[in-house]
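Student: Hey, could you walk me through this one? I'd like to get a feel for how the helices sit together.

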Amino acid sequence: KDSFSAIEFKAAYSLALMAKANTNSLEPLSDETAYVELSKLLCVSKNKVDVVLKKLFDYGVYAKFEVADKTKNYTKFWVFNPYLSFSGRLTKSDIANLFKGTKIALHYMECI
């Protein structure tokens, strides 16, 4: 069954609201973010954070990005899928190319 529960949808929506303009960065969220903080941000119980995030990641709702930037320390953060929400021009976005093969992007392409 390819659908989200109300909890998963609400968590995805919470991430969409956090995405930074033109980059869709969810910085400072990363795999190192504490479960207590993720639980509060996503409105998900601590016990379900792993399950909900795994499903959202598997569908391509968000991606994990890491970079060695000479202007700051090594960083690792999440990026929200621009096929779901993007403030900029999606068609000209290199960010969209990162998500091209995700379930979300493939569904988006079927609908246009």
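**Helices and their neighbours**

Tutor: Sure. Keep in mind that this is a predicted model. Let's start with a pair: the axes of H1 and H3 come within 10 Å, and they cross at roughly 70°.

Student: Why give both an angle and a distance?

Tutor: Because two packed helices are described by the angle between their axes and the distance between the axes.

Student: OK, so how are H1 and H3 oriented to each other, and which hand is the crossing?

Tutor: They're roughly perpendicular to each other, and H1 passes H3 in a right-handed crossing.

Student: Which residues meet there?

Tutor: From H1 you have Ile7, Glu8, Ala11, Ala12 and Leu15, and from H3 Val52, Lys55 and Leu56. By type, the residues of that contact split into six nonpolar, two charged and no polar.

Student: Switching to H2. Which of its residues are buried?

Tutor: In H2, which covers residues 35-42, the buried ones are Leu38, Ser39 and Leu42. They lie on the same side of H2, because they cover an arc of only 105° around the axis.

Student: And what covers them?

Tutor: The cover includes helix H1 (6-18), helix H3 (49-59) and strand S2 (75-80).

Student: Tell me about Leu42. How much of its area is accessible?

Tutor: Leu42 has a relative accessible area of 0%, so it counts as buried, the cut-off being under 20%. Leaving aside neighbours within four places in sequence, Leu42 is in contact with Ala11, Ser14, Leu15 and Leu53.

Student: What comes just after H2?

Tutor: Cys43, which takes a positive phi of about 55°.

How values were computed
Residues numbered from 1 in each chain as written. Predicted model: local features only at pLDDT ≥ 70, side-chain atom pairs only at ≥ 80, totals over all residues. Heavy atoms only, no water. Buried < 20%, exposed > 50% of the residue type's maximum accessible area, 1.4 Å probe, protein only. Helix = DSSP H or I, 4+ residues; strand = E, 2+ residues; numbered from the N terminus. Arc of directions from axis to C-beta. Contact = heavy atoms within 4.5 Å. Axes fitted to C-alpha atoms, helices over the stretch in contact; angles between N-to-C directions. Parallel < 35°, antiparallel > 145°, perpendicular 65-115°, else oblique. Left-handed = near helix turned anticlockwise from the far one by under 90°. Nonpolar A, V, L, I, M, F, W, Y, C, P; charged D, E, K, R; others polar.
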